[in-house]
Amino acid sequence: MQQVILHLQNVTKQFAESAFPAVDNVSLTLQQGDILGLLGPSGCGKTTLLRMIAGFERSQAGEIKIGGQIVCNSSTCIPAEQRDIGVVFQDYALFPHLNVAENVAFGLKHFSKEQIQKRIAEVIALVRLEGLEKRYPYELSGGQQQRVALARALAPQPQLMLLDEPLSNLDIQVRLRLREEVRDILKAAGTSAIFVTHDQEEALAISDIVGVMRQGHLEQLGTPEEIYTHPASRFVAEFVTQANFLPAHRQGNLWKTEIGSFELTANHTEDTGEIMIRQEDFILKPATDALVVVRTRRFLGREYQYCLQTPSGKELHARTMRDTALPVGARVELSIASDSVKVFPQ
């Protein structure tokens, strides 16, 4: 049975200048070795939650346990340096006057000299920076600097790693490569981690569990597959999948929309709602008498993205493989697999 590394129970934080809590009654559990991605738009409370777990902010209600030990509740607040955590910041926070090896060794003051040298070699190898031990931060690329920051945080072998948008300052190609490396490094180290990001694809790629936050609330917690295929709310569906939404009303087993009718197997008590259709679930078929028109087409390498206009003037977005190339102005019939459709109340 996996050990519980982190447990939050009804954690709440409200700043004096705000009318609403930054974090509102959040509860979750993180198992040993798992990576939790905290995902949400700017201002949703994900960084504040991370700072409370780290000990940089104190919660006003609820309880935080790390490794079974209470680190914060109504009567206790253990300082950050005593919580057995590692933190990687957005701006790397490396010491410019220390070389790579010295930066990595910074948190190992209570180790013997032999242990320090051994641990430096281990984490340098883990982040694949062998041969760069004597270089200074200004001599490294952004991706290399972030790996040094990760090595420094991992060196003391913390129970829990906290990463606050660590890839956001990197260009897109480095981000894509490094997010895979970060996951591999954390898994190789066997370290539990929380990864804060506003990038949906990044959260799905790195995390074992994703928590979607909105206005201080934890809107949904689940595996990347669960979050993507079974969003619990319209907000999760829109934020994570960039899905389309169409007004619909029910007639018997069918939900009627302006682009067609769909049969849904799930039970719904409402007679009106909004049908969610992911971009990749549309099937586009040219038809001269169709009512939907292709407004724009963008080539994205492996696929095309289309902006479509319905008879009411509503815009829908669809993605197809590049073997489906429809010209702007073409009229298309739209169909989808019924098991891809979900209805949310209006």
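**View 1. The structure holds one cavity of 30 Å³ or more.** The model is predicted: local features need pLDDT of at least 70, side-chain atom pairs count only at pLDDT 80 or more, and totals for chains, interfaces and linings use all residues. Residues are numbered from 1 along each chain as its sequence is written, and side-chain values use heavy atoms, with hydrogens and water left out. A cavity is a set of points, on a 1 Å grid over the protein atoms alone, where a 1.4 Å probe fits but cannot get out. Grid points are joined across faces, edges and corners, and a volume is the space filled by probe spheres set on the points. The largest cavity has a volume of about 40 Å³. Its lining consists of V88, Q146, R147, L150, L163, P166, L167, L178 and V182; lining residues have an atom within 4 Å of a point. Two elements, α4 and α5, give two or more residues to this lining. The largest share, three residues, comes from α4. Helices (H or I, at least four residues) and strands (E, at least two) are DSSP runs, numbered from the N terminus.

**View 2. Helix α3 (residues 113-126) has buried residues on the same side.** Its 14 residues should span 20 Å at 1.5 Å a residue, and the end C-alpha atoms are 20 Å apart, which agrees. The expected span is 1.5 Å times one less than the number of residues. The buried residues of α3 are I116, R119, I120, V123 and I124. They cover an arc of only 130° around the axis, so they sit on the same side of α3. The arc is that of the directions from the helix axis to the C-beta atoms. Buried means under 20% relative accessible area, exposed over 50%, and partly exposed in between (1.4 Å probe, protein chains only). E114 and K118 are exposed on the other side of α3. The cover over the buried residues includes α2 (100-105) and α4 (142-154); contact means heavy atoms within 4.5 Å. After α3 comes R128, whose phi is positive, near 60°.

**View 3. R183 and D208 join in a salt bridge (3.0 Å, N to O).** The pair links distant parts of the chain, 25 residues apart: R183 is in helix α5 (residues 172-189), and D208 is in the loop between α6 (200-206) and β9 (209-214). A salt bridge is a side-chain nitrogen of Lys or Arg within 4 Å of a carboxyl oxygen of Asp or Glu. R183 is partly exposed at 22% relative accessible area. D208 is buried at 18%. The whole structure has 19 salt bridges.

**View 4. R295 and E315 form a salt bridge between two strands (2.1 Å, N to O).** R295 lies in β16 (residues 292-299) and E315 in β18 (residues 315-321), so the pair ties together parts 20 residues apart in sequence. R295 is partly exposed, with a relative accessible area of 38%. E315 is also partly exposed, at 38%.

**View 5. K13, R51 and E57 are linked in a network of salt bridges.** Within this network, the side chains of E57 and R51 meet at 3.5 Å, N to O. R51 counts as partly exposed, at 32% relative accessibility.

**View 6. A287 sits in the loop between β15 (283-286) and β16.** A287 is buried, with a relative accessible area of 13%. Not counting residues up to four places away in sequence, A287 touches R331, V332 and E333. A287 and C44 are 243 residues apart in sequence and 44 Å apart in space, C-alpha to C-alpha.

Key: 1 Å grid on protein atoms, 1.4 Å probe; cavity = no way out; pocket = protein on both sides within 12 Å on 5 of 7 lines; lining within 4 Å.
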